Amino acid sequence: MNDHGTADSRLRLGIAGLGRGFMAMRATLSRHPRVVLAAAVDPREEARRRFTADYDSPAYATVEELCADPTLDAVYIATPHQFHAAHVALAAAAG
């Protein structure tokens with residue numbers, strides 16, 4: 001059983017930032033057999049809509065909302081560099 005009470009051993013990954021950084025890793029993450037792209041955050045509404053359509057997973061407008069999602073195991077920080085420290089701190093504080 002995983003932390004969510006299911007036998008699924010895949011890592012439920014939240015993506016912070018759906019821009020160039022994520023796009024560079026998208027194919028690798030999407031195809032990995034032990035990773036589920038379970039949620040995302042981006043300030044752009046179109047990017048959120050596309051993620052939800054592509055992955056049937058929620059997309060949030062703020063990193064705080066993403067980090068509050070109790071179904072996630074980890075967060076991949078793909079936001080612009082100047083935000084990395086703050087976003088890592090938010091993810092770490094959320095566990």
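1. Asp56 is placed in the loop that runs between helix 2 (45-55) and strand 3 (59-60), and this note starts there, with the reminder that the model is a predicted one. The phi angle of Asp56 is near 50°, which is a positive value in a residue other than glycine. As a background to that value, most residues other than glycine have a negative phi. Asp56 counts as exposed because its relative accessibility, 71%, is over the 50% cut-off.

2. The overall architecture deserves a statement of its own. The chain holds four helices and four strands, and read from the N terminus these elements follow the order β-α-β-α-β-α-β-α. With a radius of gyration of 13 Å, close to the 12 Å that the globule rule gives for 95 residues, the chain is as compact as a globular protein of that length. Taken along the principal axes, the box filled by the C-alpha atoms is roughly 35 × 30 × 20 Å.

3. On burial and surface, 33% of the 95 residues in the chain are buried. The chain exposes about 5800 Å², and carbon and sulfur atoms supply 56% of that area. As for charge, the chain carries 10 positive and 11 negative charges, and the mean positions of the two sets are 8 Å apart.

4. If contacts are restricted to residues at least 6 apart in sequence, 56% of them join residues that are at least 24 apart. Several individual pairs, taken up in the points that follow, illustrate separation in sequence alongside distance in space.

5. Helix 2 contains the aromatic pair of this model, and a search of the whole structure finds one such pair. The partners are Phe51 and Tyr55, whose rings are 4.9 Å apart from centre to centre with 40° between the planes, an arrangement classed as tilted. Since Phe51 and Tyr55 are four residues apart in helix 2, about one helical turn separates them. Phe51 itself has a relative accessible area of 3%, and it is therefore buried, the cut-off being under 20%.

6. Arg50 also lies in helix 2, but its side of the account concerns exposure: at 51% relative accessibility, Arg50 counts as exposed, given that the cut-off is over 50%. Across the sequence, Arg50 and Leu18 are 32 residues apart, while their C-alpha atoms are 9.7 Å apart in space.

7. What does Tyr60 touch, leaving aside its neighbours within four places in sequence? Tyr60, which lies in strand 3, is in contact with Ala39, Ala40, Val41 and Asp42, and also with Arg48, Glu65, Leu66 and Asp69. A further relation in space links Tyr60 to Glu45, for the two are 15 residues apart in sequence and 9.1 Å apart from C-alpha to C-alpha.

8. Pro70 belongs to the loop between helix 3 (63-67) and strand 4 (74-77). Its relative accessibility is 68%, so Pro70 counts as exposed. Pro70 and Gly95 are separated by 25 residues in sequence, and the distance between their C-alpha atoms is 9.4 Å.

9. Ala86 is placed in helix 4 (residues 84-94). With a relative accessible area of 45%, Ala86 is partly exposed, because that value falls between the limits of 20% and 50%. In sequence Ala86 and Val63 are 23 residues apart, and in space the C-alpha to C-alpha distance between Ala86 and Val63 is 9.7 Å.

Note on methods:
Residues are numbered from 1 along each chain as its sequence is written. This is a predicted model: local features need pLDDT of at least 70, side-chain atom pairs count only at pLDDT 80 or more; totals for chains, interfaces and linings use all residues. Side-chain values use heavy atoms; hydrogens and water are left out. Helices (H or I, at least four residues) and strands (E, at least two) are DSSP runs, numbered from the N terminus. The radius of gyration is taken over C-alpha atoms; the globule rule is 2.2 Å times the number of residues to the power 0.38. Buried means under 20% relative accessible area, exposed over 50%, partly exposed in between (1.4 Å probe, protein chains only). Contact means heavy atoms within 4.5 Å. Accessible areas come from the Shrake-Rupley method with a 1.4 Å probe; for residues, only the protein chains shown count as cover. Lys and Arg count as positive and Asp and Glu as negative; His and the chain ends are not counted. The place of a charge is taken as NZ of Lys, CZ of Arg, CG of Asp or CD of Glu. Rings of Phe, Tyr and Trp (its six-membered ring) pair if their centres lie within 6.5 Å; planes under 30 degrees apart count as stacked, over 60 as edge-to-face and the rest as tilted.
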